[in-house]
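Thanks, everyone; I would like to take a few minutes on one structure, beginning with a strand and its partners and then turning to the cysteines. Please have a look at it before I go on.

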Amino acid sequence: MKSREVEKLEDLSRMFDEKSDVALGKFLKEVENQTSRRVEILKESATRVGKAHIIGITGPPGGGKSTLVSKICKELAKQDLQIAVVCVDPTSPFTQGALLGDRVRMLELAKFPNVFIKSLATRGNLGGLAASTSEIVQVFDAFDKDIILIETVGVGQIEFDVLEVADTVVLVNVPGLGDSMQTMKAGIMEVADVFVINQADRPGSDESVKDLRMMINESQKKDWKPPILKTIATLEEGITELISKVEEHKKYLQDSGKFKEIRETRNLKMFHEQLIHRIAEIVESYIHSEESIQMEIEEVKRGTRDPFTLAEKIGDKVTIK
């Protein structure tokens, strides 16, 4: 007779096999809220790596990223591709709430059954993404999505988290932000694979393209020269060309072997993160169970004991030689 635990795992596996939107929604909620089922869901999804091309849409606030993502999805949805969208919204430092306005701006996608939208709040996480973004992407990938689009908050130079998750990074800017681009030059500018000047009907779009081209020529990238495109997302102009360039970048990644390399690096990073998390749990458990250690920690707090010696002592205690 099967144990209840085995039955639960078999039910979980069956739900992954069926790939219903209802099951997907439940899994995403469990992962985002870090419930007791989160680890089992991630364990099951980790070995179901799919074919998804993960595209990060980033750039400073006000660049029209949400509208651009919506129009890209609309065009891709017509091709009968399975698409997932992860929209990351900032969390209020005062109320800890999030407007999740990206979902409101993407209402036109509701009529497409092959588009699944998940909104996430940063909950104070820096770097442009929510802490659970990579795990959400993993679950989407396990559900055989063809394309996963991630729209980041837009926090400028420190927005590097998207590089850890996406295969292709699209940087969206608007005309007349020459100073802004110079500020970002040493940051996100260096990791973008495709550049977009949105709202290109505004004055200064040609100058912005020229500025970007000069920066790209100065960059260290050799194998792939990031293209620069002009779009007017509200009028759906330039969307087809943008999708074409993103697909070209995917082909470059596949032909060069970098697509596989990115996946392997990402998997290894997740392993290291989980290992560090597990070790931290073991250390915390040991500290709370040993009253003498807690007294020594108090000495460290008062500055009467050096933290290095105590850290070595605890490390030696919890490490199995």
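His-53 stands opposite Ile-147 in strand 4, and I should say at once that this is a predicted model, in which local features need pLDDT of at least 70, side-chain atom pairs count only at pLDDT 80 or more, and totals for chains, interfaces and linings use all residues. Residues are numbered from 1 along each chain as its sequence is written, and side-chain values use heavy atoms, with hydrogens and water left out.

Strands here are DSSP runs of E with at least two residues, numbered from the N terminus, and two of them pair if DSSP finds at least two bridges between them. Strand 1, residues 53-58, runs parallel to strand 4, residues 147-151, over 5 bridges, and it also pairs in the parallel sense with strand 5, residues 168-173, over 4 bridges, where Thr-168 is the bridge partner of Ile-55.

How many residues of strand 1 are buried, that is, under 20% relative accessible area with a 1.4 Å probe and protein chains only? The count is 6 of 6, with His-53, Ile-55 and Ile-57 covered on one side and Ile-54, Gly-56 and Thr-58 on the other.

As for the cysteines, a search of the whole structure for disulfides, meaning pairs of cysteine sulfur atoms within 2.5 Å, finds 0. Why is Cys-73 not bonded to Cys-87? The closest cysteine sulfur to that of Cys-73 is the one in Cys-87, and at 8.0 Å it is too far for a bond. Cys-73 is buried at 0% relative accessibility, and Cys-87 is likewise buried, with a relative accessible area of 0%.

How values were computed
Buried means under 20% relative accessible area, exposed over 50%, partly exposed in between (1.4 Å probe, protein chains only).
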